[in-house]
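Morning, everyone. I'd like to walk through one structure today. Please have a look at it before I start.

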Amino acid sequence: MKGFMKRYMRNYGAVAGLVIVLAVIAMAIAAPLLYEESPWMMVASPLIAPFTDPAYPLGTDMLGRDITAGLVWGARVSLLVGLISTGASLLFGILIGAMAGYCGGRVDDLLMRFTEFFQTIPQLAMAVVLVAVLGPSVTSIMTAIAVVSWPPAARLVRSEFMTLKQREFVQAAIVIGQTPGRIVCSQILPNAMSPIIVSASFMVATAILTESSLSFLGLGDRNMMSWGFMIGAARTMIREAWWMSVWPGVAILLTVLAINLIGEGLNDALNPQLRKRGE
C-alpha cells in the first residue's frame with residue numbers, strides 16, 4: 001500500500017485530480033447544509049452578473065435562480081449517476097467477460113457476438129432511446145448508461161482472463177482440484193483487478209458526460225438539478241448571460257478532467273513496469 005501511494009503521489013496531475021474530485025464530493029455531500037432551499041427556487045432578481053452580489057457570487061439565471069446553488073446540487077446528480085451506473089456496468093461486464101475468457105470455445109463466441117451487437121450501436125443514441133422509452137428520471141438514466149457502457153469492460157475482462165488462465169498458479173489450482181468458481185474468484189479475478197480499476201475511472205468520467213448530454217437534450221430528471229440541464233436551459237441566453245452556461249460547463253470539464261487524471265495516476269501506480277517500458 002505504501003508503495004502504491006508513493007508511486008501515485010509522484011504523478012502531480014493525478015494528485016491534483018484527486019484534490020478536485022474530493023472537493024466535488026465534499027460539495028455534493030454538503031449541498032443540503034450549504035443551500036437548504038431547493039435550487040429551483042427563485043431567490044433574487046433575474047440575470048445578476050457574477051461577482052456583483054456577494055450573496056450570489058456566480059450570478060443568477062433568467063428566472064432568478066442561484067447559479068451557485070445549482071452547481072452544488074448538480075454535483076450530487078453527476079456523482080450519483082457516474083458511480084452507480086459504472087458499478088452496474090462493471091458487474092455485468094465482469095460477469096460476461098469472465099465467462100467468455102475462462103470458458104472459451106462456443107461460450108466465448110456466443111458471448112462475444114452478444115457483446116459486439118451492443119458495440120455496433122452508438123452509445124449516446126442508444127441511451128437517448130432507452131431514456132425516452134423508460135421516461136426521464138435518474139433511475140432510467142443510470143440504467144441506460146449501464147446498458148451502453150458494459151461492452152468495453154467485458155472485452156477487457158475477457159482479455160485478462162484469457163491471459164491469466166494460462167499462468168502457472170491457475171494451472172496448479174486446477175491440478176489440486178479447485179472448482180472453476182473458486183479459481184475465478186480467488187486466483188484470476190484478483191490478478192485482473194488493476195486494469196479493471198483503471199478502466200472504471202474512465203467509465204465514471206464517460207458516464208458523467210453522457211448524463212450531461214441527456215440532460216442537455218431535455219431527457220434529465222425534471223425534479224433534480226444537473227449541470228447538463230443548466231447548460232441546456234442557458235443555450236438561448238448565451239449572448240445575454242454567458243455565465244449561465246460557462247459555470248456548469250467548467251464544472252463538467254474540471255470533474256471529467258480530474259477523473260481522467262486519477263485514472264492515469266492509477267495506471268502508473270498499479271502498473272509501474274508498463275510505465276518503465278514506455279519510458
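When I say two residues meet or touch, I mean contact: heavy atoms within 4.5 Å. One caution up front: this is a predicted model.

Let's begin with a helix pair. Two packed helices are described by the angle between their axes and the distance between the axes. Take helix 6, residues 123-134, and helix 7, residues 138-164. Their axes come within 8 Å. They cross at roughly 150 degrees. Angles over 145 count as roughly antiparallel, so helix 6 and helix 7 are roughly antiparallel to each other. The crossing of the two is right-handed.

Which residues in helix 6 and helix 7 meet? On the helix 6 side, we have Gln123, Met126, Ala127, Leu130, Val131 and Leu134. On the helix 7 side, the residues are Ser140, Ile141, Thr143, Ala144, Val147, Val148 and Pro152.

Now the cores. The largest nonpolar core has 32 residues. Ile67, Leu71, Trp227 and Met244 have the most contacts inside it. Six helices each supply at least two residues of this core: helix 1, helix 2, helix 4, helix 9, helix 10 and helix 11. Helix 11, residues 243-270, gives the largest share, 11 residues.

Look at Trp227 more closely. Set aside its neighbours within four places in sequence. Trp227 then contacts Val24, plus Gly70, Leu71, Gly74, Ala75 and Ser78. Pro248, Ala251, Ile252 and Thr255 are also in contact with Trp227.

There is a second, separate core, of 21 residues. Among its members are Val77, Ala100, Ala127 and Val131. Ala127 and Val131 came up a moment ago, in helix 6.

Next, a charged side chain. Is Glu211 buried or exposed? Buried, because its relative accessibility is 1%, and the cut-off is under 20%. Glu211 lies in helix 9. Beyond residues up to four places away in sequence, Glu211 touches Val77, Ser78, Val81, Ile141, Ile145 and Ser226. Ile141 is one of the helix 7 residues that meet helix 6. For scale, Glu211 and Ala233 are 22 residues apart in sequence. Their C-alpha atoms are 15 Å apart.

Last, the cysteines. How many disulfides does a search of the whole structure find? The count is 0. Why is Cys103 not bonded? The closest cysteine sulfur, in Cys185, is 13 Å from the sulfur of Cys103, so the pair is too far for a bond. A disulfide needs the sulfur atoms within 2.5 Å. Cys185 itself is exposed, with a relative accessible area of 56%.

That's my tour. Over to you.

Definitions and conventions. Residues are numbered from 1 along each chain as its sequence is written. This is a predicted model: local features need pLDDT of at least 70, side-chain atom pairs count only at pLDDT 80 or more; totals for chains, interfaces and linings use all residues. Side-chain values use heavy atoms; hydrogens and water are left out. A nonpolar core is a set of buried Ala, Val, Leu, Ile, Met, Phe, Trp, Tyr and Cys residues joined through side-chain atoms within 4.5 Å. Buried means under 20% relative accessible area, exposed over 50%, partly exposed in between (1.4 Å probe, protein chains only). Helices (H or I, at least four residues) and strands (E, at least two) are DSSP runs, numbered from the N terminus. Axes are lines fitted to C-alpha atoms, for helices over the stretch in contact, and angles run from 0 to 180 degrees between N-to-C directions. Angles under 35 degrees count as roughly parallel, over 145 as roughly antiparallel, 65 to 115 as roughly perpendicular and the rest as oblique. A crossing is left-handed if the near helix is turned anticlockwise from the far one by less than a right angle, and right-handed if clockwise.
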